[in-house]
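Reader: I should like to request a close look at a single part of this model. Please describe it in one connected account.

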Amino acid sequence: MKIAISLCCCLFSWIQLADSQNASTSTSSSYTYTDDASWAVRSSTLSKMLGEDKQVLYDRYIEECQKSVSNRPGAHCQLEDNYRLEMNKHQPSSVRNYTKAGYKKIRAPPELFDLILNFYNQNKGQDEIEWRDINTYHNMWE
């Protein structure tokens with residue numbers, strides 16, 4: 001619960017920052033999440049459009065995960081990640097949009113943002129790992 005609220009706070013901060021940056025500059029995206037350019041989203045073979053180092057980072061991530069499960073029979077990080085990649089390919093088409101855009105990006109009302117920010121400031125540094133299973137959804141082995 002604490003982590004989820006902290007993540008919400010970070011998201012609202014990022015949205016606010018993104019809004020302020022977009023107001024001052026016009027940027028266009030040269031790739032989308034389906035390009036697998038910065039991380040493996042739909043394929044374990046990454047695009048080279050952002051450099052070959054992204055593939056090295058991803059491969060190292062999977063290798064480190066596998067090292068952490070080497071003493072657990074049946075645990076296999078690449079198989080788990082293949083499941084994640086397949087889910088990323090097929091899950092979006094099953095999501096129903098309730099508006100034409102599917103969502104609307106707005107600024108958090110100042111009262112809400114202040115509540116979240118205060119909660120974050122009071123609780124930062126008190127986080128704890130809630131998901132202890134070894135998997136590729138998050139790096140829990142470091």
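Author: The account below concerns helix 2 and its contact with helix 3. The model is predicted, so local features need pLDDT of at least 70 and side-chain atom pairs count only at pLDDT 80 or more, while totals for chains, interfaces and linings use all residues. Residues are numbered from 1 along each chain as its sequence is written, and side-chain values use heavy atoms, with hydrogens and water left out.

Helix 2 covers residues 53-68 and contains K54; helices are DSSP runs of H or I with at least four residues, numbered from the N terminus. The side chains of K54 and D53 form a polar contact of 3.1 Å, the term denoting a pair of N or O atoms within 3.5 Å, one able to donate a hydrogen and the other to accept it, where residues adjacent in sequence count only if both atoms are side-chain atoms.

Helix 3 comprises residues 77-90, and its axis comes within 9 Å of that of helix 2, crossing at roughly 130°. Axes are lines fitted to C-alpha atoms over the stretch in contact, with angles from 0 to 180 degrees between N-to-C directions. Helix 2 is therefore oblique to helix 3, oblique being the class left when angles under 35 degrees count as roughly parallel, over 145 as roughly antiparallel and 65 to 115 as roughly perpendicular.

A disulfide (cysteine sulfur atoms within 2.5 Å) joins C65 to C77, with an S to S distance of 2.0 Å. This pair connects distant parts of the chain, C65 in helix 2 and C77 in helix 3, 12 residues apart. Its S-S torsion is about -75°, so the disulfide is left-handed.

Terms used
Helices (H or I, at least four residues) and strands (E, at least two) are DSSP runs, numbered from the N terminus.
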